[in-house]
Amino acid sequence: MLLVEKVIGNLSNTNTGNLSIDFLDLDWFDTGKTTLRKRTRAGQEIGIRKDSTPLEDGDLLYLDGERAIAINILPCECIVFKPDNFKDMGTICFEIGNKHIPIFINEEAEVLVEFENPLYRLLERSGYEPRREVRKLLKTHALRVRRHGNNYTRKITIK
């Protein structure tokens, strides 16, 4: 078993040349785990024991002169929709958040959540025109609250 304690790079910014790349397939909800034991596509057993920084698609776990082992986040069935304005975005994200369902927002301002039929029907009834698609849920940690406290010092500007 290969023990990994930290990420050493990402495929997007590391030259792997003609190395053989073996992928460790993970579901999106496994990316935030600090301890994990899985097998790569080629059968290599990997043990991961790391800090709380979530794994991202393409993260390199192992690299030598012959091969690299990288993370592949598996696509899953999702609800995808795009609110018309910031008010709708805030309202629907608040409602989804109240159900404790993780929310993902991509660069195109689309909202993605793992498919759940009652939520899909609610979005349809509310006029949001949701679509059922298979997508990778990336940046799973982007909207997580890290800590609670009264010492918030950032200024918020509404334009």
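Visitor: What phi does H100 take just after α1?
Guide: This is a predicted model, in which local features need pLDDT of at least 70, side-chain atom pairs count only at pLDDT 80 or more, and totals for chains, interfaces and linings use all residues. Residues are numbered from 1 along each chain as its sequence is written, and side-chain values use heavy atoms, leaving out hydrogens and water. Helices (H or I, at least four residues) and strands (E, at least two) are DSSP runs numbered from the N terminus. Just after α1, H100 takes a positive phi of about 60 degrees.

Visitor: How far apart are the end C-alpha atoms of α1?
Guide: Helix α1 covers residues 86–98, which is 13 residues. The expected span is 1.5 Å times one less than the number of residues, giving 18 Å here. The model agrees, with the end C-alpha atoms separated by 18 Å.

Visitor: Within what arc do the buried residues of α1 fall?
Guide: M89, I92, C93 and I96 are buried (under 20% relative accessible area with a 1.4 Å probe, protein chains only; exposed is over 50%, partly exposed in between). K87 and F94, on the other side of α1, are exposed. The arc is that of the directions from the helix axis to the C-beta atoms. The buried residues line one face of the helix because they fall within an arc of 100 degrees.

Visitor: Which side chain forms a polar contact of 2.6 Å with that of E45?
Guide: E45 lies in strand β5, residues 45–49. A polar contact is a pair of N or O atoms within 3.5 Å; within protein, one must be able to donate a hydrogen and the other to accept it, and residues adjacent in sequence count only if both atoms are side-chain atoms. At 2.6 Å, the partner of E45 is R37.
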